[in-house]
Amino acid sequence: MGMRILNEALRKMVNAEKRGFTKVQLQPMSLLMVNYLNVMKSRGYIKDFEVFEPHRVGRITVELQGRIKDCKALSYRQDIRAKDIESYKSRILPTRQWGYVVITTTNGVFDHEEAQRQNVGGRVLGYFY
């Protein structure tokens with residue numbers, strides 16, 4: 001169920017961007033979704049987000065910036081080693097200049113560049129560009 005929640009939230013963000021909205025509300029929320037949004041915020045794809053009622057069902061309000069072209073969560077989380085990240089990235093993303101692959105590791109949730117810098121592997125959550 002957690003994977004479906006993340007995928008539905010990301011699709012909602014992409015659809016809101018295509019329609020030209022500046023804010024979108026995501027509900028229900030999960031801690032994994034918050035970590036994914038932190039990666040997107042650090043890379044400049046969203047302006048900010050705010051979490052309401054995190055201990056109950058909760059909701060997240062995201063301020064969009066207009067940079068997201070596509071954003072997906074993978075339903076089958078594939079294991080990936082640190083040395084295979086570059087080949088996986090070139091297979092998934094449209095070009096070398098755009099986008100990030102989001103990976104969950106034992107150290108936290110990172111994009112592919114940070115995971116390569118720390119030389120850790122993990123499971124692929126999804127990607128955005």
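What follows is a short exchange about this predicted model.

Biologist: How many residues does helix H2 have, and how far does it reach from its first C-alpha to its last?

Modeller: H2 covers residues 31-42, which is 12 residues. The expected reach at 1.5 Å a residue is 16 Å, and the model comes close to that. From first C-alpha to last, H2 reaches 17 Å.

Biologist: Which residues of H2 are buried?

Modeller: An α-helix has 3.6 residues a turn, so residues three or four places apart point the same way. In H2, Met33, Tyr36, Leu37 and Met40 are among the buried residues. The full set is Met33, Val34, Tyr36, Leu37, Val39 and Met40.

Biologist: Which residue takes a positive phi just after H2?

Modeller: The phi angle there is about 85 degrees. The residue that takes it is Gly44.

Biologist: In the open sheet of three strands, which strands stand at the edges?

Modeller: The strand order is E1-E3-E2, with antiparallel pairing. An edge strand here has a single partner, so one side of it is left without a neighbour in the sheet. That describes E1 (23-26) and E2 (46-52).

Biologist: By how many degrees are neighbouring strands of this sheet turned against each other on average?

Modeller: Direction is ignored for this value. The average is 20 degrees.

Biologist: Which residue in E3 stands opposite Val24?

Modeller: E1 and E3 (residues 59-64) pair in the antiparallel sense over four bridges. Opposite Val24, the residue in E3 is Val62.

Biologist: At what angle does H2 run to E2?

Modeller: H2 lies across E1, E2 and E3. Its angle to E2 is about 155 degrees.

Biologist: Which residues have the most contacts inside the largest nonpolar core?

Modeller: That core has 30 residues. H1 (2-19) gives the most to it, with seven residues. Domain 1 (1-64) and domain 2 (71-128) each supply at least three. The residues with the most contacts inside it are Leu37 and Met40.

Biologist: Which residues is Met40 in contact with, leaving aside its neighbours within four places in sequence?

Modeller: Met40 is one of the buried residues of H2. Its contacts are Leu10, Met13, Tyr45, Ile46, Ile68, Cys71 and Phe128.

Biologist: How many residues does the other core have?

Modeller: This core lies apart from the largest one. Ile85, Val120, Val124 and Tyr127 are among its members. Its residue count is 12.

Biologist: How many of the seven residues of E8 are buried?

Modeller: The rest of the structure largely encloses E8, because most of the strand is buried. The count is six of the seven.

Biologist: How many bridges pair E6 with E8?

Modeller: E8 also runs antiparallel to E4, over three bridges. With E5 (residues 79-80), E8 pairs over two bridges. In the E6 pairing, Val101 stands opposite Tyr127. E6 and E8 pair in the antiparallel sense over five bridges.

Biologist: Is Leu93 buried or exposed?

Modeller: Leu93 lies in the loop between H3 (85-92) and E6 (100-105). Its contacts beyond four places in sequence include Trp98, Val101, His112 and Tyr127. Its relative accessibility is 6%, and the cut-off for buried is under 20%. Leu93 therefore counts as buried.

Biologist: What distance separates the C-alpha atoms of Leu93 and Asn35?

Modeller: The two residues are 58 residues apart along the chain. Their C-alpha atoms are separated by 21 Å.

Key. Residues are numbered from 1 along each chain as its sequence is written. This is a predicted model: local features need pLDDT of at least 70, side-chain atom pairs count only at pLDDT 80 or more; totals for chains, interfaces and linings use all residues. Side-chain values use heavy atoms; hydrogens and water are left out. The expected span of a helix is 1.5 Å times one less than its number of residues. Buried means under 20% relative accessible area, exposed over 50%, partly exposed in between (1.4 Å probe, protein chains only). Two strands pair if DSSP finds at least two bridges between them. Axes are lines fitted to C-alpha atoms, for helices over the stretch in contact, and angles run from 0 to 180 degrees between N-to-C directions. Contact means heavy atoms within 4.5 Å. A nonpolar core is a set of buried Ala, Val, Leu, Ile, Met, Phe, Trp, Tyr and Cys residues joined through side-chain atoms within 4.5 Å. Domain bounds come from an automatic or database domain assignment.
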